Amino acid sequence: MGSLRLFLALSVAFGHFGMPLGFPTSDIAVQSFFVISGFYMALVLNEKYGPGSYWLFVSNRVLRLWPTYVLVLAFSFLIADNWQQVASLDLPCLAWFVASQILIVGQEIYFFLFIKDGTFAFTLHPAGMPGLLYTLAPVPQAWTLGLEFYFYLLAPFIVRRGPLVIAAIAAVSLLVRMTLIWGFGFSGEPWTYRFFPSEIALFLTGSLGYYAYSSPGNAQRRQINLLLSIAAVLLFVGLAVSQWDGISRLASLSLLLAVIVGVPRLFALTRNIAWDRYLGELSYPLYICHFLFGWILQPESAPSAYLALSLSLVASALLYRFVEQPIDRWRQGRFEKSRQPPGEPHLVQAASQA
């Protein structure tokens, strides 16, 4: 599973650096991450966090993502050259922009806002609109973390309720997507994969995969795998309708379908492989820091793009070693402490890195 996560992060970086990979496309790589995140959240909520641990779960998820992000954000603000446009905003808009940068949540709205006379204006049809707020973001890909946080807030109320409830909510999410397209004509960017009510289907399909992985009986596992396969096909069709760039998109959508149905088995095969787990730990810092080296190098040729990617990988290893590992030990210590009855000695044991 870790190798797959790193491959998806590399695919996003390749797309941002203009490198000639093209498979999968960046949006499908991101949506595959959503599926994997849904699987892991169902795993930890069902097997690690018990009842009454809502805020511990949410805060530990924030600690998993925010420190690396805010460190990369600080360097990106120093490097990025969009300060004049940001400074031209009126005070309320500037305050909201800075707050959303620090807190992460709200950045997906950047795709619906554009700057007009020093303030924000809203549009439901942003494709091709000049001056979109998204272009001022120093870590442009961070909007996905906002969607992750929204899912973290909702997941404890959904993913413990069993596969039928999960599948039903995913179906509603897919229906929202189709209604936006056929009922209102909202297709293409940013509706294709940046609108949380229609994207939660991907997270929940991953959560459904957890039940395929953990089902105790063969008959039950077959039923859930059938449900998972149906969900995968429906998402395949829904995403193809949302955005179709020709036959080349078929390959990326096929990969997403394979991720949906294959993650339970892949996790079972690789969960105890240390090197694979390490590669997976590099995926998030690589995903969040690669644009920083794009700001620094402005890669316009293959050698400069590969240099930016190489530096991103080195930085990812350093971020994991010196930022994420110490914080993760603290996170796991908080979890272990919450499990100890009052008055008993606290023993920190090995815990899942999820």
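Which helix gives the most to the lining of the largest cavity? Helix 12 does, with 6 residues. I will start from that helix and work outward. Please keep in mind that this is a predicted model.

Helix 12, then. The helix runs over residues 302-339, which makes 38 residues. At 1.5 Å a residue it should span 56 Å, and its end C-alpha atoms are 51 Å apart, so the two figures agree. The helix does have a bend, of about 40°, at Glu324. A proline, Pro326, follows within four residues of that point.

Now the cavities. The structure has 2 of them at 30 Å³ or more. The largest holds about 90 Å³ of space. Its lining is made of 10 residues, and those closest to the centre are Arg64, Glu324, Gln325, Asp328 and Arg331. Note that Glu324 is in this group, and Glu324 is also where helix 12 bends. Two elements give two or more residues to this lining: helix 3, residues 54-79, and helix 12. By class, the lining has 5 charged residues, 3 nonpolar and 2 polar.

The second largest cavity holds about 40 Å³. Among the residues that line it are Arg177, Leu180, Ile181, Phe186, Trp191 and Ser242. Helix 7, residues 163-184, gives the largest share of that lining, 3 residues. Here the classes come to 5 polar, 4 nonpolar and 1 charged.

Next, a pocket. The second largest pocket has a volume of about 240 Å³. It is lined by 16 residues, and nearest its centre lie His16, Ser26, Tyr134, Tyr193 and Arg194. The elements giving two or more residues to this lining are helix 1, residues 2-16, and helix 2, residues 26-47. Helix 2 provides the largest share, 3 residues. The lining divides into 6 nonpolar, 5 polar and 5 charged residues.

Away from the helices, there is a hairpin to look at. Strand 1 covers residues 113-116 and strand 2 covers 119-122. The two strands pair in the antiparallel sense, over 4 bridges. If you want a landmark for the pairing, Leu113 stands opposite Phe122 in strand 2. There are 2 residues between the strands.

Which residue in the turn has a positive phi? That is Asp117, with a phi of about 55°. The value is worth a remark, as Asp117 is a residue other than glycine. Is Asp117 buried or exposed? Its relative accessibility is 76%, and the cut-off for exposed is over 50%, so Asp117 counts as exposed.

There is another case of this kind, at Gln298. This residue is not a glycine either, and its phi is positive, at about 45°. Gln298 sits in the loop between helix 11, residues 274-297, and helix 12. Its relative accessibility is 47%; partly exposed covers values between 20% and 50%, so Gln298 counts as partly exposed.

That brings us back to helix 12. To go over it once more: the loop with Gln298 lies between helix 11 and helix 12, the bend comes at Glu324, and helix 12 gives 6 residues to the lining of the largest cavity. If you have the model open, Glu324 is a handy place to begin, since that residue is among those closest to the centre of the largest cavity.

Note on methods: Residues numbered from 1 in each chain as written. Predicted model: local features only at pLDDT ≥ 70, side-chain atom pairs only at ≥ 80, totals over all residues. Heavy atoms only, no water. Expected span 1.5 Å × (residues − 1). Bend = angle between axes of the 7 residues up to and from the residue. 1 Å grid on protein atoms, 1.4 Å probe; cavity = no way out; pocket = protein on both sides within 12 Å on 5 of 7 lines; lining within 4 Å. Points joined across faces, edges and corners; volume = space filled by probe spheres on them. Nonpolar A, V, L, I, M, F, W, Y, C, P; charged D, E, K, R; others polar. Buried < 20%, exposed > 50% of the residue type's maximum accessible area, 1.4 Å probe, protein only. Pairing = 2+ DSSP bridges.
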